[in-house]
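Dear colleague,

Please find below the sequence and structure that I am handing over to you. A short account of what was found follows directly after it.

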Amino acid sequence: MSLAVLTSFELSVHPSVPVHDVKLYIALARLSPGKLKFGSPGLDSSAHFVGEIACMMANVKILHVPFRGPPETMTSLVSGEVDVGYPSVTSAVPFIQLNKIRGLAVSTATRAALLPALPTLAESGIAGYERSGCNGVLAPAHTPRDIVQRLNSVIVKSVAVPELRELFITQGLEPRTNMPEEFAVFIKRELEQNAKVVTFAGIKAE
């Protein structure tokens, strides 16, 4: 029926990686295909797809290393066990502030409120890149249209409440609602993108 919030992920590297922007990161990845190690919270996780889509659109290959969850992934990035990660912006901020990781860009189409100085991947040289985690509300198939429209209106009004918007933003979430038809297009686009990246990265079900 509608989106509610988007989660921005942030392309980060360990400080030992000699790059300070996305263009240099891509150049380094192309210089040594498969040498850089990319950690994610697991195969087929949101962060895994965010990273693989960036590789696909930039035409680079890096080695994916899946972990058991976000804490283990962040620990591995901070320690230098992996070179690259895509933590959520909320998770990344404290480690960036402590210079434990270096932020290069965010995954969403617009800059993150918690990291306004950090460019988007699209701004940084991967034209057209846009990917995020999302939370939304769906209804069962064949729900009458008038009910869907009424529920959509309630969701849109709720997300627009200033106190709720502020709460979302402080948690690194971007409030975003849309019409049912727009949400359907959004889901279809993500599924099509997923299918392409599964082929590109050779992802197999386990």
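A convenient place to begin is V5, which stands opposite P175 in β8. Please note that the model is a predicted one.

The pair belongs to a longer contact between two strands: β1, covering residues 2-7, is joined to β8 by 3 bridges, and the two run antiparallel. Strand β1 also pairs with β7, again in the antiparallel sense, over 5 bridges. Within that pairing, S2 has V137 of β7 as its bridge partner.

Taken together, the 3 strands form an open sheet with antiparallel pairing, in the order β7-β1-β8. The edges are held by β7 (133-137) and β8 (173-175); each has a single partner strand, so one side of each is left without a neighbour in the sheet. On average, neighbouring strands are turned by 25° against each other, direction ignored. As general background, strands of a sheet pair through backbone hydrogen bonds.

Two helices should be viewed together with this sheet. Helix α5 (residues 145-159) lies across β1, β7 and β8 and runs at about 35° to β1. Helix α7 (residues 180-201) packs on the sheet as well, where it touches β1 and β7, and its direction makes about 45° with that of β1.

Is β1 buried or exposed in this arrangement? Of its 6 residues, 6 are buried, meaning under 20% relative accessible area. Strand β1 is therefore largely enclosed by the rest of the structure.

With kind regards

Technical notes. Residues numbered from 1 in each chain as written. Predicted model: local features only at pLDDT ≥ 70, side-chain atom pairs only at ≥ 80, totals over all residues. Heavy atoms only, no water. Pairing = 2+ DSSP bridges. Helix = DSSP H or I, 4+ residues; strand = E, 2+ residues; numbered from the N terminus. Axes fitted to C-alpha atoms, helices over the stretch in contact; angles between N-to-C directions. Contact = heavy atoms within 4.5 Å. Buried < 20%, exposed > 50% of the residue type's maximum accessible area, 1.4 Å probe, protein only.
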